[in-house]
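Let's take a walk through this structure together, one piece at a time. Keep the 3D view open as you read.

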Amino acid sequence: MSDNTCPTCRHYAALREQAKQAGDYSKATDYEVLRRRHPAHTVRIPRQSKGRAT
């Protein structure tokens, strides 16, 4: 299932972006975790690397 077709993924992604723009990176991370773990996904969605060191 792609993020483009899943309304829950789209919702969490939009909330994540709002949190990022507000400077709340902790909340943005929480929304990303929720997006990747919600029950509609039966396969693991790989983390998207932006070139940041962890």
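Which residues of H1 are buried? Before the answer, one thing to keep in mind: what you're looking at is a predicted model. Now, the buried residues of H1 are Cys9, Tyr12, Ala13, Arg16 and Ala19. Look down the axis of H1 and you'll find these buried residues within an arc of 125°, so they line one face of the helix. Swing round to the other side of H1, and there you meet Pro7, Gln18 and Gln21, which are exposed.

How about the helix itself? H1 runs over residues 7-21. From its first C-alpha to its last, its 15 residues reach 21 Å, which is close to the 21 Å expected at 1.5 Å a residue. After H1 comes Gly23, with a positive phi near 85°.

So what covers that buried face? Part of the cover for the buried residues of H1 is H2, the helix made of residues 25-37. In general, two packed helices are described by the angle between their axes and the distance between the axes. Here the angle is about 170°, and the axes of H1 and H2 lie 8 Å apart. Since angles over 145 degrees count as roughly antiparallel, that makes H1 roughly antiparallel to H2.

Zoom in on where the two helices meet. H1 brings Cys9, Tyr12, Ala13, Leu15, Arg16, Ala19 and Lys20 to the contact, while H2 brings Tyr25, Lys27, Ala28, Tyr31, Glu32, Leu34 and Arg35. Sort the residues in this contact by class and you get nine nonpolar, five charged and no polar ones.

One of the charged residues deserves a closer look. Arg16 sits in H1 and has a relative accessible area of 17%. Buried means under 20%, so Arg16 counts as buried. Which residues does Arg16 touch, once its neighbours within four places in sequence are set aside? They are Ala28, Tyr31, Glu32 and Arg35, and each of these appears in the H2 part of the helix contact.

Last stop: the segment after H2, where you'll find His38. Its relative accessibility is 7%, so His38 counts as buried too. Leaving out residues up to four places away in sequence, His38 touches Cys6, Thr8, Cys9 and Tyr12. Take the pair His38 and Cys9: they are 29 residues apart in sequence, yet their C-alpha atoms are 8.3 Å apart in space. And that brings us back to H1, since Cys9 and Tyr12 are among its buried residues.

Key: Residues are numbered from 1 along each chain as its sequence is written. This is a predicted model: local features need pLDDT of at least 70, side-chain atom pairs count only at pLDDT 80 or more; totals for chains, interfaces and linings use all residues. Side-chain values use heavy atoms; hydrogens and water are left out. Helices (H or I, at least four residues) and strands (E, at least two) are DSSP runs, numbered from the N terminus. Buried means under 20% relative accessible area, exposed over 50%, partly exposed in between (1.4 Å probe, protein chains only). Contact means heavy atoms within 4.5 Å. Axes are lines fitted to C-alpha atoms, for helices over the stretch in contact, and angles run from 0 to 180 degrees between N-to-C directions. Angles under 35 degrees count as roughly parallel, over 145 as roughly antiparallel, 65 to 115 as roughly perpendicular and the rest as oblique. Ala, Val, Leu, Ile, Met, Phe, Trp, Tyr, Cys and Pro count as nonpolar, Asp, Glu, Lys and Arg as charged, and the others, Gly among them, as polar. The expected span of a helix is 1.5 Å times one less than its number of residues. The arc is that of the directions from the helix axis to the C-beta atoms.
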